[in-house]
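The exercises below are meant to be worked with the sequence and the model side by side. Try each task before reading its solution.

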Amino acid sequence: MNNDNKRGGSRLDRRHLLQAGLAAAFAAPLGVLGAAQAFAPGGIATGVDFSEFPLCRTASNAPALTGAPRKLKLSWNAGAVCLAPVPVAIEHGFFQKHNLDIELINYSGSTDQLLEAIATGKSDAGLGMALRWLKPLEQGFDVKIAAGTHGGCMRVLTRADSSVSKLADLKGKIVAVGDLGGPDKNFFSIQLSKLGIDPVKDVDWRAYPGNLLNVAVEKGEVQAFLSSDPLGYLWLKDSQYKEVASNLDGEYRDKSCCILGLRGSLVREEPQVARALTQALLDAAMFTAQNPVVTAKSFQPYAPKTATLADIEGMVRYHTHHHHPVGEVLKRELKGYADDLKSVQVFKQSTDTAKFAERIYVDVFAV
């Protein structure tokens, strides 16, 4: 992330940001599967050259879905800017191109509940964080991971005048997190472990409401905090904060952090439909990477009110939407994350991570 993103632009009123965070929190549905969001796509958007698609050439000869559009339910977190390809796919016709009629379902609640909803057919597919999904998937939910969707959306932040300047400086510090079992805590715990720092004994993790994390560091109750975009990005516009680390550092710059999970029975009984849904989302992801300005406009209705179009565009450019592995590459990434989780005692030591990755992934483009 460049310094313009970190400190440039006008300083935000922190109270307004706080209000935006609270508004986003209260906007989320109370149940895991919230009210369906109605969309009325106006056909294929002008300017999208569908001759460039599909991205996965292995799927280019697959027969198209015929007949009435296949109705599917797709679960997502509407406030997550890293899922911007979803409204892009709706607004710009990527689902329609594959003869799909998608009902978006905004969800909250536990990951176990979400995966159970997908496994039991209350939803047909969902998008989420790998480091949040993998532990529940270890328990055996009938959900198959078909693709990674992007990388980058988690950050470690602190005050600009803090002596904490690198991840290793968190040793012996108090760090605020929105969720003690969240993907950001898991990710940075893994990175600390690789630095020889015990993330359990050497760091004091404290839970705070996600929209109050910056207040904890301002009051001196903690020395750093973890945050995801859009709030993390927006807080960095205030020159009082700086970024210490992100999940695009080092080897993770070329790894996905979010994944697409499909209902297991859909994969087995309707592989053509599973392939079409995956293809549509991958194509929307590449379109997002190539058209951040257009994408920002598509996502704006879901963003915090304090986020400008330029802010959304900046986040879209920062997140690696060009990286969306499938097949063997995806399986290797899943195994790598499982190994990482095993190293910090999140996974059972008895888990065979190679067999685990083989069990949970699916190559919907395999002949």
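**Exercise 1.** Find which residues of α7 meet which residues of α14, and then work out how the two helices are oriented.

Solution. Asn186, Ile190, Ser193 and Lys194 in α7 meet Asp340, Leu341 and Ser343 in α14, where contact means heavy atoms within 4.5 Å. By class, this contact has two nonpolar, three polar and two charged residues; Ala, Val, Leu, Ile, Met, Phe, Trp, Tyr, Cys and Pro count as nonpolar, Asp, Glu, Lys and Arg as charged, and the others, Gly among them, as polar. Next, the axes of α7 and helix α14 (residues 327-343) are 9 Å apart and make an angle of about 70°, with axes being lines fitted to C-alpha atoms, for helices over the stretch in contact, and angles running from 0 to 180 degrees between N-to-C directions. α7 and α14 are therefore roughly perpendicular to each other, since angles of 65 to 115 degrees count as roughly perpendicular, under 35 as roughly parallel, over 145 as roughly antiparallel and the rest as oblique.

Before going on, note that this is a predicted model, in which local features need pLDDT of at least 70 and side-chain atom pairs count only at pLDDT 80 or more, while totals for chains, interfaces and linings use all residues. Residues are numbered from 1 along each chain as its sequence is written, and side-chain values use heavy atoms, with hydrogens and water left out.

**Exercise 2.** Trace the open sheet of five strands and locate the helix α7 that packs on it.

Solution. The order of the strands is β8-β7-β9-β6-β10, with mixed pairing; helices (H or I, at least four residues) and strands (E, at least two) are DSSP runs numbered from the N terminus, and two strands pair if DSSP finds at least two bridges between them. At the edges lie β8 (204-207) and β10 (241-246), each of which pairs on one side only. From one strand to the next the twist averages 30°. Helix α7 (residues 183-194) packs on this sheet, touching β6, β7 (174-177), β8, β9 and β10, and its direction makes about 80° with that of β6. Within the sheet, β6 (residues 154-159) and β9 (residues 224-228) run antiparallel and are joined by four bridges, and Leu157 has Phe225 in β9 as its bridge partner.

**Exercise 3.** Which residues stand opposite Ser75 in β3 and in β4?

Solution. In β3, Ser75 stands opposite Ile105; strands β2 (residues 70-76) and β3 (residues 100-106) run parallel and are joined by seven bridges. In β4, the bridge partner of Ser75 is Gly126, and β2 pairs with strand β4 (residues 125-129) in the parallel sense over two bridges.

**Exercise 4.** Examine the contact between α11 and α12.

Solution. Phe287, Thr288, Ala289 and Gln290 in α11 meet Pro292, Val294 and Thr295 in α12. Four of the residues in this contact are nonpolar, three are polar and none is charged. The axes of α11 (residues 271-290) and α12 (residues 292-299) come within 6 Å and cross at roughly 115°, and α11 and α12 are therefore roughly perpendicular to each other.

**Exercise 5.** Where in the chain do Pro230 and Asn99 lie?

Solution. Pro230 is placed in the loop between β9 and α9 (231-235), and the peptide bond from Asp229 to Pro230 is cis, with omega near 15°. Asn99 is found in the loop between α4 (94-97) and β3; although Asn99 is not a glycine, its phi is positive, at about 60°.
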